[in-house]
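Got your viewer open? Let's take a walk through this structure together, one selection at a time.

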Amino acid sequence: MLKQLIVLARLAITGFTALMSIGCASFLNSPVTSVTIDSNPQNASFVIEDHNGEVIHSGTTPEDVLLHNSKAMYQRAQYSVRYELADLPPQTTELNATLSPYYFGNLFFLYPGVFGFLVIDPFTGAIFDLPEFHSVDLNALSNNTLSNDTLRNDASALNPASDSITVAQGRVQ
């Protein structure tokens, strides 16, 4: 009987210790996220850089990439994604982590909730989430961009005699 009581006490202590060492977001959320990088049209090359400008990953769309949700304790991850595809202008977009709703689950537990809220979850990076899908429409920018030929043609259509304004002795003529 005493042996069973000791085993039960050890299990209770182990369970209590495990419960004390996790926060709600750390238990329910991962410190890394698999993000699908995609583009329209597909097969564009992309480069992901972190907040320091260091290349984290490069590849071709679509591709799944594992990214950290935070850069340091209490600091959300910020990435820059540059897309390039032949005959289309390159585009750069931002990929930023947001505060995870699981982080606030710590507030429902007095203990270890406070410890999880202030120490465990921020330390693991589980307080932030990245979106699971990040995409850009490379055609959108090219449809709104004027080429140099278009600008030259529009400029040559102006009649310099009638469309210009001259200033003589401080008066507009």
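## Starting at a salt bridge

Begin with Arg-82, which is partly exposed, with 37% relative accessible area. Now add Glu-84 to your selection: that residue is partly exposed too, at 37% relative accessibility. Show both side chains, and you'll find them meeting in a salt bridge, with 2.9 Å from N to O. The count of salt bridges here comes to 1. Keep in mind as you go that you're looking at a predicted model.

## Along strand S7

Next, select residues 78–85, which make up strand S7. Click on Ser-80, which lies in this strand. Is Ser-80 buried or exposed? Ser-80 counts as buried, because its relative accessibility is 17% and the cut-off for buried is under 20%.

What does Ser-80 touch, once you leave aside its neighbours within four places in sequence? Color these: Val-47, Ile-48 and Glu-49, then Thr-92, Thr-93 and Glu-94 are in contact with Ser-80.

Now move to Gln-78, also in strand S7. Gln-78 is partly exposed, with a relative accessible area of 28%. Turn on its side chain together with that of Lys-71, and you can see the two joined by a polar contact of 3.4 Å. Lys-71 is one of the residues Gln-78 touches beyond four places in sequence; the others are Glu-49, Asp-50, His-51, Leu-95 and Asn-96. Try a distance label between the C-alpha atoms of Gln-78 and His-51: they are separated by 5.6 Å, although the two residues are 27 apart along the chain.

## The sheet around S7

Zoom out a little and select the whole sheet. In what order do its 4 strands run? The order is S3-S2-S7-S8, in an open sheet with antiparallel pairing. At the edges are strand S3 (55–60) and strand S8 (88–96), each pairing on one side only. On average, neighbouring strands of this sheet are turned by 15° against each other, direction ignored.

For one pairing inside the sheet, highlight strand S2, residues 45–49. S2 and S7 pair in the antiparallel sense over 5 bridges. Pick Val-47 and look across to S7: its bridge partner there is Arg-82, the residue whose side chain forms the salt bridge with Glu-84.

## Over to another sheet

Time to select S4, S1 and S11. They form an open sheet of 3 strands in the order S4-S1-S11, and the pairing is mixed. Strand S4 (63–68) and strand S11 (133–137) are the edge strands, each with pairing on one side only. Here the neighbouring strands are turned by 30° against each other on average, direction ignored.

Now highlight strand S1, residues 32–40, along with S4: the two run antiparallel and are joined by 6 bridges. Select Val-32, and opposite it in S4 you'll find His-68.

## Pulling back

Finally, show the whole protein chain. How many helices and strands does it have? There are 6 helices and 13 strands. Of its 173 residues, 29% count as buried.

Switch on the surface if you like: the accessible surface of the chain is about 11,600 Å², and 60% of that belongs to carbon and sulfur atoms. As for the contacts between residues at least 6 apart in sequence, 67% join residues at least 24 apart.

Conventions: Residues are numbered from 1 along each chain as its sequence is written. This is a predicted model: local features need pLDDT of at least 70, side-chain atom pairs count only at pLDDT 80 or more; totals for chains, interfaces and linings use all residues. Side-chain values use heavy atoms; hydrogens and water are left out. A salt bridge is a side-chain nitrogen of Lys or Arg within 4 Å of a carboxyl oxygen of Asp or Glu. Buried means under 20% relative accessible area, exposed over 50%, partly exposed in between (1.4 Å probe, protein chains only). Contact means heavy atoms within 4.5 Å. Two strands pair if DSSP finds at least two bridges between them. Axes are lines fitted to C-alpha atoms, for helices over the stretch in contact, and angles run from 0 to 180 degrees between N-to-C directions. A polar contact is a pair of N or O atoms within 3.5 Å; within protein, one must be able to donate a hydrogen and the other to accept it, and residues adjacent in sequence count only if both atoms are side-chain atoms. Accessible areas come from the Shrake-Rupley method with a 1.4 Å probe; for residues, only the protein chains shown count as cover.
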